[in-house]
Amino acid sequence: MINKYLNKIISGDCLEVLENIPDNSVDVTFADPPFNLKKKYNSYYDEHEVGEYLSWCSDWLKEMVRITKPTGSIFVHNIPKWLVYFGSSLNESALFRHWIAWDAMGSPLGRTLLPNHYGILYYVKSENYKFFDIRMSHKRCRKCGYILQDYGGKKAQMHPFGPLVSDVWTDIHRIRHKKRRDEHPCQLPIHLLERLLLMSTEEGDIVLDPFIGTGTTAVAAKNLGRNFIGIDIDPKYVDITERKLEASNPTKINGCYVSIFLDNVKTIRDKDWDKIKEAFVISQDPLELERNEIYLSHKYSGTTRIEIVKGRQQNLCLVCEGEA
Ligand SMILES: C[S@@+](CC[C@H](N)C(=O)[O-])C[C@H]1O[C@@H](n2cnc3c(N)ncnc32)[C@H](O)[C@@H]1O
């Protein structure tokens, strides 16, 4: 029954589509609904009376919980003002796990205490939910390259790739450059979604987003070898999503899915590190590690085949090390 929706982007009202999705059939539901902030969408009108907006939100939140598997996770992205209401609605039928604070590095001007972080509510349906430890690359000074976190006397214990991710995310920026944006007022970065999916799903799992916009969740799912179902009320956004999906391919290093942004590996699974590390040049000296980033080697080393797949497979010639 769920199979007929797999890897499709559906143009329509999410409540009408969701009611046909079977109970307990999806591994992860992620929603980034309109914020009711008068944003200029192509066709959707983003200004509703508060009670009307919240009652609509409570309807699709209930649907998200219903269709999520008992081992699955439910994520909702929004501003704190609305998330506090969403939390009280979700508390009735799901279990709170985390409030992820995403500091998207904005610079709001004009008043004190203007909102400068988004929240991602993280709920599950049972204690038996899928979860994988993930690591982010070290944050470094853009000028001198030094690691920004002070490890004090514990430098020797520093992980070469980077720390385990906490519930405060400060290393993922909102998309600012016009050339990286679609014609959409609030497109999320793909590596934000990849981080959530590496943490909560496995290859082949099903991810559903009822407000797909220009396809961020679907592209992230495809990059990581997961199945997706996307819904948007605006056919123009559905078209853009479909075009982007055609151009995206699994992103793997040495057989492990990773999240890459601008040729840098941003997030990995902790358990994959032993395989992934073969693809990096890593100094054994903690002081050197503190000073200089580890970097990907595109070469064969000894008998180990370093396979870097970003969009397409790269086969390197053993003699000249050029692309074969
Ligand atoms: C905040 S945006 C999502 C952006 C998306 N996360 C991305 O990265 O592109 C909200 C989306 O919800 C869509 N939308 C609004 N009402 C809807 C409804 N009733 N059913 C489905 N989609 C809807 C809008 O067209 C808009 O694209």
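1. The loop between β4 (95–102) and β5 (118–124) is the place where L113 is found, and in this predicted model L113 has a positive phi of about 60° although it is not a glycine. The surroundings of L113 are sparse enough for the residue to count as exposed, because 6 other C-beta atoms lie within 10 Å, and a residue is called exposed if that number is 12 or fewer.

2. A further residue that is not a glycine but has a positive phi is N254, with a value of about 45°. N254 belongs to the loop between β10 (251–253) and β11 (256–257). Its environment can be stated in the terms used for L113: N254 has 18 other C-beta atoms within 10 Å and is therefore partly exposed.

3. For the protein as a whole, there are eight helices and 17 strands. Of the 324 residues in the protein, 33% are buried. As for how the chain is connected through space, if one takes the contacts between residues at least 6 apart in sequence, 67% of them join residues at least 24 apart.

4. How many of the residues of α5 are buried? Eight of the eight are, so helix α5 is largely enclosed by the rest of the structure. The buried residues of α5 are T216, T217, A218, V219, A220, A221, K222 and N223, and the list thus includes the charged residue K222. After the helix comes G225, whose phi is positive, near 70°.

5. The packing of α5 can be followed on two of its neighbours, beginning with α4. Two packed helices are described by the angle between their axes and the distance between the axes. Helix α4 (residues 190–200) and α5 have axes that come within 8 Å and cross at roughly 55°, and the two helices are therefore oblique to each other. Their crossing is right-handed. On the side of α4 the contact is made by I190, L193, E194 and L197, and on the side of α5 by T216, T217, V219, A220, A221 and N223. By class, this contact of α4 with α5 has six nonpolar, three polar and one charged residues.

6. The other neighbour considered here is α6. Helix α5 (residues 216–223) packs with helix α6 (residues 235–246) at an angle of about 15°, and their axes are 9 Å apart, which means that α5 is roughly parallel to α6. The crossing of α5 and α6 is right-handed. The residues that make the contact are A218, V219 and K222 of α5 together with T241, K244 and L245 of α6. Sorted by class, the contact of α5 with α6 has three nonpolar, one polar and two charged residues. V219 is named in the contact of α5 with α6 and also in that of α4 with α5.

7. Another helix pair is formed by α2 (residues 50–67) and α3 (residues 80–90), which pack at an angle of about 45° with their axes 10 Å apart. These two helices are therefore oblique to each other, and their crossing is right-handed. From α2 the contact draws on L54, C57, S58, L61 and V65, and from α3 on Y85, F86, S89 and L90. The residues of this contact of α2 with α3 divide into seven nonpolar, two polar and no charged.

8. The ligand is surrounded by 21 residues, of which the closest are C14, D32, F211, G213 and T216. The shell around the ligand divides into 12 nonpolar, five polar and four charged residues. T216, one of the closest residues to the ligand, is also one of the buried residues of α5 and takes part in the contact of α4 with α5.

9. Is D27, a residue of strand β2 (residues 26–31), buried or exposed? D27 counts as buried, because it has 22 C-beta neighbours inside 10 Å, where 20 or more are needed. Leaving aside residues up to four places away in sequence, D27 touches K69, G72, T201, D205, I206 and V207. The C-alpha atoms of D27 and R226 are separated by 10.0 Å, although the two residues are 199 residues apart along the chain.

Note on methods. Residues numbered from 1 in each chain as written. Predicted model: local features only at pLDDT ≥ 70, side-chain atom pairs only at ≥ 80, totals over all residues. Axes fitted to C-alpha atoms, helices over the stretch in contact; angles between N-to-C directions. Helix = DSSP H or I, 4+ residues; strand = E, 2+ residues; numbered from the N terminus. Parallel < 35°, antiparallel > 145°, perpendicular 65-115°, else oblique. Left-handed = near helix turned anticlockwise from the far one by under 90°. Contact = placed C-beta atoms within 7 Å. Near = placed C-beta within 6 Å.
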